[in-house]
Amino acid sequence: MVDVKSRVAGQVLRVAFHEGDNVVQGQLLFEIDPEPLNRQIAQIHADLAKHAALEQQSRANVARDEAQIKQTQAAAERELQLSKEGIFSKEQTEQVVATNDSAQASLAADKAAVESAAASIKSDQARLAQTELQLTYTKITAPISGRAGAVNLKAGNLVKDNDTALVTILPIAPIYVSFG
């Protein structure tokens, strides 16, 4: 005998059989409201789009920072050379070098933002896969063929995941009988 339980929580929309019916393996027995999971999936898709846009923006910032570093690095090298020759003051040279250092720090921060956005996308994809898997559990099918026992709930009832048995299915072939 097999006790059929729900793998997700929700409201039972439909009981697709009657007590005592013969059921076949794979037959739909119960349908649980999929709407909350559909909304979670829509939210995850929105999060994916947001994180993809953040990743793209971060990549554009990296490209901008790399171009800025080329400019500030060239200026810093010129300033250092001219400072050695005594043409520019030490203060002006330090300011240009500090600007270059700041641009490099900004580049490092933007590269970290790219990695963070990529990690967020991977996390969203994992959540999406998990939620889509849970969505498949809203249709409860018979794990074996046999006769359905008493139905322990009706349409409209709420079920918890892995709580009490919704129905028990007893196989009718083979049947073992013992006499006392």
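In the next few minutes I will go through the strands, the nonpolar core and the helices of this predicted model.

Let me begin with the sheet, an open arrangement of four strands in the order S1-S8-S6-S3, with antiparallel pairing. Strand S1, residues 2-4, and strand S3, residues 22-23, stand at the edges, and because each has a single partner strand, one side of each is left without a neighbour in the sheet. If we look at the S1 edge, three bridges join S1 to S8 in antiparallel fashion, and within that pairing Asp3 has Thr168 of S8 as its bridge partner.

I turn next to strand S4, which has pairings of its own. Strand S2, residues 10-15, runs antiparallel to S4 and is joined to it by three bridges, with Arg14 finding its bridge partner in Glu31 of S4. Strand S5, residues 139-141, is likewise antiparallel to S4 and linked to it by three bridges, and here the bridge partner of Phe30 is Ile140 in S5. S4 is also mostly covered, in that four of its five residues are buried.

That brings me to the core. The largest nonpolar core has 18 residues, and those with the most contacts inside it are Phe17, Leu29, Phe30 and Val167. Two elements, strand S4 at 28-32 and strand S8 at 167-170, give two or more residues to this core, and the largest share, three residues, comes from S4. As background, nonpolar side chains in soluble globular proteins tend to be buried together.

Which residues is Leu29 in contact with, leaving aside its neighbours within four places in sequence? They are Val4, Arg14, Val15, Ala16, Phe17, Val23, Ile140, Thr141, Ala142, Val167 and Ile169.

Now to the helices. Helix H1 covers residues 35-84, and since 50 residues at 1.5 Å a residue should span 74 Å, the 72 Å between its end C-alpha atoms agrees with that expectation. H1 is followed by Gly86, whose phi is positive, near 85°.

Helix H2, residues 90-136, is where Ala118 has its place. Is Ala118 buried, partly exposed or exposed? Its relative accessibility is 24%, and because buried would require a value under 20% and exposed one over 50%, Ala118 counts as partly exposed. Finally, Ala118 and Ala75 are 43 residues apart along the chain, and their C-alpha atoms are separated by 33 Å.

Methods: Residues numbered from 1 in each chain as written. Predicted model: local features only at pLDDT ≥ 70, side-chain atom pairs only at ≥ 80, totals over all residues. Heavy atoms only, no water. Core = buried A, V, L, I, M, F, W, Y, C linked by side-chain atoms within 4.5 Å. Buried < 20%, exposed > 50% of the residue type's maximum accessible area, 1.4 Å probe, protein only. Contact = heavy atoms within 4.5 Å. Expected span 1.5 Å × (residues − 1). Pairing = 2+ DSSP bridges.
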